[in-house]
Amino acid sequence: MSKPSDLVQGTLDLLLLKILALEPMNGFAIGQRLRQVSGDILQASDGSLYPALHKLEQRGWIASEWKTTENNRRAKFYALTRAGRRQLEKEADNWDRLSAAISRVVNLEET
Amino acid sequence: MRTEGWMNALRVKWRVLFCREAVERELDEELRYHVERKTEENIAKGMTPEEAWRAARIELGGVEQVKEQVRAVRAGAWMGTVMQDARFGLRMLKKNPGFTAVAVLTLALGIGTNTAIFSVVDAVLLKLLPYKDPAHLVWATLQFPKADMHRSFVPHPTYFAWRDQNDVFSGIAATNLGREFTITGAGAPERIRGMGVSANFFSVLGVDLARGRSFTSEEDRQGGPRAAILSYGLWQSRYAGDPRILGRPIMLDDKDCSIVGVLPGSFQFPTSGNQPQVFVPLAAPSDASSAIWYLTVIARLRPGVTPAQAEVDLSLIDSRTLPLLPKFFGRYTQEVHLSVVSLHDHLTGSVRAPLWTLMAAVAFVLMIACANIANLQLSRGSVRSREFALRSALGAPRSRLARQLLTESILLSSMGGLAGLLGGFWGVVLLRSFVPRGVLNVQDVRIDAVALAFTIVVSALAGAVSGFAPILALFSPNLNDAIQTGRVQVAGSRSNTFLRNLLAVAEVAAAMVLLVAAGLLLKSFLRLTNVSAGFDPHNLLTAQIFLPNDKYSTPPQQTAFSSQLLDRISALPGVRAAGLSTSLPNELSRDMRMGIEGRPAPALNDPTASVPLDSVSDGYFRTLGIPILSGRGFDDRDGPNTANVAVVNQEFVRRFFPDGENPLGKHILIAVDTPDQTAISIVGVSAAIRRVGLGDKPLPQVFQPFAQSPSTGIIVLLRTASDPRPVVSALRSQVLAIDEELPLSDVATMDDLLAGETAGQRFETAAVDLFAALALILAGVGIYGVISYMVSQRTHEIGVRIALGAQRSDVLRLVMKECLALVAAGLAIGVPITLASTRIIASELFGVGASDPWTFGAVVVVIVTVGLAACWIPARRAMNVDPMVALRYE
């Protein structure tokens with residue numbers, strides 16, 4: 001029910017890495033930012049964020065830290081690691097290639 | 001936050017695995033924060049707090065569900081389900097303590113015996129010999145099947161030929177058979193075991209001396225300087241580890257030798273017998289006329305040469321040189337076999353077959369144990385079919401149920417394995433004291449990492465094997481029926497019953513194999529120990545006395561001592577007869593070359609002219625109970641100043657007077673053709689006794705009266721009215737009363753000495769019998785389980801039958817028929833398997849064939865009896881079924 005079926009498989013990882021590349025963030029804020037920047041088009045449910053975040057953390061691409069938020073509450077903040085940055089570059093490249101290929105196919109002139 | 005990613009990842013995984021609670025708490029907190037923020041956001045949108053909170057949680061997709069998803073992506077998530085299965089399994093096992101106890105105990109027996117026997121196999125058969133590059137060491141010998149005593153040895157001319165002409169060895173060394181030395185000087189005299197070795201012996205083995213050097217070729221030459229190398233043990237015990245030991249003199253048999261080296265404490269002489277304590281140069285004579293014949297040859301193969309290739313090379317040498325051996329060897333060399341085998345195979349040769357037999361026996365026991373557990377679990381399957389039906393209905397895939405069953409099996413076998421390991425430790429201690437001494441490495445028998453790994457593997461296998469049948473049953477189509485009808489039917493299904501019967505039949509067959517093997521070994525052992533030694537070994541005490549040479553140097557001194565001793569011990573209370581000898585009745589005595597007066601002297605070194613010669617006192621024959629067949633034994637008439645006389649045994653007569661000539665009055669020439677030649681006249685013929693190994697034939701023997709040929713080495717023999725042990729202290733005080741410095745050594749009863757000779761067979765027989773008994777009990781339990789389950793399943797049917805007028809005897813017949821069918825099927829399968837497997841122990845059997853029909857018959861009777869006994873309880877239950885109760889139950 002909370003599977004990101006509307007997202008291309010694997011792209012959630014890319015989005016999370018990209019968002020965290022801008023600044024360290026907690027889970028709630030990541031969800032908000034995702035909706036914000038994609039203009040509500042990318043509908044990843046909040047529930048699917050957490051398994052994805054924990055998975056990325058175990059792979060060593062992001063690291064977590066408990067910090068105090070601006071309104072003085074403790075929250076778990078995630079940040080990109082160096083390995084995560086490399087991974088982000090790789091996945092972004094992949095994405096570029098894939099989307100370029102797909103758009104070439106989609107834009108084929110029908111004869 | 002600048003930590004390296006992989007380190008952080010490692011930390012996270014570590015925490016997930018080992019700080020489960022903290023990780024869960026943090027996840028909780030993380031999600032709570034999310035819900036709180038979302039609730040605030042929703043309130044800001046104008047919802048009531050209650051609505052806002054609910055909406056936040058719905059949007060998240062359920063807090064618990066998210067947690068579950070997070071857990072699923074965690075490292076080692078699979079371990080979680082295993083743990084869950086294990087926890088559930090443990091709960092199930094705890095709920096059935098009876099089943100669990102029986103299963104664990106059964107498996108512990110099976111696994112423990114395997115662990116214990118494997119640790120012996122590992123130490124004795126699988127470990128490498130403690131020499132450099134031991135795989136290249138071989139033992140080369142000639143076999144002379146026609147010879148009387150030593151049938152496997154290398155005559156020294158052959159050794160020299162091999163040494164000088166071979167192309168296959170990088171080194172070849174020889175030892176003699178070894179003998180006892182009296183060591184004097186530096187402390188009390190002692191008898192120690194010594195061994196002659198060629199100069200290169202230690203370097204061929206690749207052993208470095210702890211101190212000093214090995215023998216030089218100068219020392220390894222007849223008439224060369226006398227040298228000795230001490231074992232570490234002798235250096236410690238006699239010289240207290242004296243660091244300046246090298247060059248010190250040592251008196252061996254009153255000959256002055258110089259100590260040139262000390263062996264390391266780890267050194268083991270390659271023998272399956274006793275370890276020598278001192279080594280002297282072999283000093284083989286270079287000329288064939290004064291030969292020492294009995295050499296043992298150990299060689300190191302050149303790289304890339306196999307024992308078979310070496311055998312070919314040596315046989316070529318033999319074809320040139322064997323004909324050059326002295327003529328009398330003709331009789332021997334009619335049939336000679338050459339064999340070159342790896343040293344390891346040679347040393348373990350006598351124990352290999354018994355050990356593999358034991359290993360096979362315990363494997364059978366474990367198989368039966370596993371079959372029993374499988375059967376027990378199948379019976380329980382009926383009880384648990386409701387549980388499985390329910391879980392299946394709730395969506396558990398069969399693979400998950402199968403994994404649950406497997407987990408439970410492995411839990412059981414792990415507990416069994418753990419208990420078995422504890423039993424194994426105890427078993428190894430027991431084995432170490434039971435295993436016949438002299439087997440190389442036997443002191444190394446312990447449960448080490450290898451044995452531990454073996455136990456773990458065996459336990460896992462046992463778990464998998466015993467869990468297999470219930471899983472098979474799970475996949476039978478009847479599970480769906482059970483779900484639909486809700487009736488307890490699973491284990492009663494046809495295929496399931498077949499499986500259970502098959503297991504019981506297999507148990508019977510396996511038990512039969514073991515029982516027959518045990519029966520054959522037992523019968524063979526009884527045959528062996530019932531072989532008449534030719535004398536009565538019961539209530540016979542033996543002891544040894546060595547008279548020091550300085551105090552008892554002359555024959556009159558020795559005779560004075562022996563006659564005084566004989567008088568004193570004959571008068572001891574409880575002693576019926578006493579005698580003295582120069583060797584134990586079950587051991588070889590020294591050989592002397594003998595001829596018969598008036599005949600041509602035998603060829604020099606003709607082995608058939610060598611006859612064991614012993615001095616025995618008046619009373620010797622009476623004490624041992626050896627009958628004098630003709631003529632007379634020794635008595636007071638035979639003194640130092642009367643005519644020299646001899647008693648010979650029947651075998652001697654057979655060899656030297658084959659034509660029925662009367663031996664009485666004939667003269668034997670002892671030490672014929674030497675300056676010491678003496679003529680003694682035969683005054684009596686005694687029965688022959690078996691001296692070497694009960695399986696061997698008796699040898700010729702000549703006896704001289706002690707008074708005419710005294711000795712410093714005296715064997716005391718006491719025939720007592722009852723248990724001879726209480727007499728020991730009286731014997732000791734009598735010896736001390738004559739000479740207070742004389743020790744009495746090697747005190748033992750003849751029964752113990754003979755038992756020592758058959759200790760190997762005794763051990764194997766006892767162990768296999770024990771395992772067979774275990775197998776029989778387990779198989780009995782297996783049959784009981786199947787039949788009693790059958791009865792419980794068919795209670796209703798039986799009730800109907802009784803209600804319709806069936807007699808109790810009909811019911812009994814019904815149950816017994818089922819039982820006998822199982823047993824008969826097991827026996828039918830068991831017979832061919834048994835015939836095939838007992839062939840491997842055929843070589844260990846004495847006086848009984850591997851397919852002895854009596855043993856097979858007895859085993860069949862035993863198994864049928866046990867089978868019927870196992871059926872008795874369920875059969876009675878069936879007969880007592882009350883039709884009313886049985887029908888009402890429906």
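Here are legends for four close-up views of this predicted model.

**View 1. The largest nonpolar core and its best-connected members.** This core counts 106 residues, and the ones touching the most other members are B:I368, B:V508, B:A511, B:L514 and B:A775. Look for helix α16 of chain B (residues 494-530), which gives the core its largest share, 20 residues. A second core, separate from this one, has 56 residues, including B:F144, B:C257, B:I259 and B:F269.

**View 2. The surroundings of B:A511.** Which residues does B:A511 contact, leaving aside its neighbours within four places in sequence? They are B:I368, B:A775, B:L776, B:A779 and B:I863. B:I368 and B:A775 also appear in View 1, among the core residues that touch the most other members.

**View 3. Helices α24 and α25 of chain B crossing.** Here α24 (residues 808-838) and α25 (residues 853-879) bring their axes within 9 Å, at an angle of roughly 145°. The crossing is right-handed. From α24(B), the contact residues include B:V815, B:M816 and B:C819; from α25(B), they include B:I863, B:G867 and B:C871. Sorted by class, this contact has 16 nonpolar residues, 1 polar and 1 charged.

**View 4. Where chain A meets chain B.** Chain A brings 27 residues to the contact and chain B brings 26. On the chain A side, at least two residues each come from α2 (27-38), α3 (46-59), β2 (62-68), β3 (74-80) and α4 (82-106). The largest share, 9 residues, belongs to α3(A). That side of chain A is made up of 10 nonpolar, 9 polar and 8 charged residues.

Methods. Residues numbered from 1 in each chain as written. Chains lettered and ligands numbered in written order. Predicted model: local features only at pLDDT ≥ 70, side-chain atom pairs only at ≥ 80, totals over all residues. Core = buried A, V, L, I, M, F, W, Y, C linked by C-beta atoms within 7 Å. Buried ≥ 20, exposed ≤ 12 C-beta atoms within 10 Å, placed from the backbone. Helix = DSSP H or I, 4+ residues; strand = E, 2+ residues; numbered from the N terminus. Contact = placed C-beta atoms within 7 Å. Axes fitted to C-alpha atoms, helices over the stretch in contact; angles between N-to-C directions. Left-handed = near helix turned anticlockwise from the far one by under 90°. Nonpolar A, V, L, I, M, F, W, Y, C, P; charged D, E, K, R; others polar.
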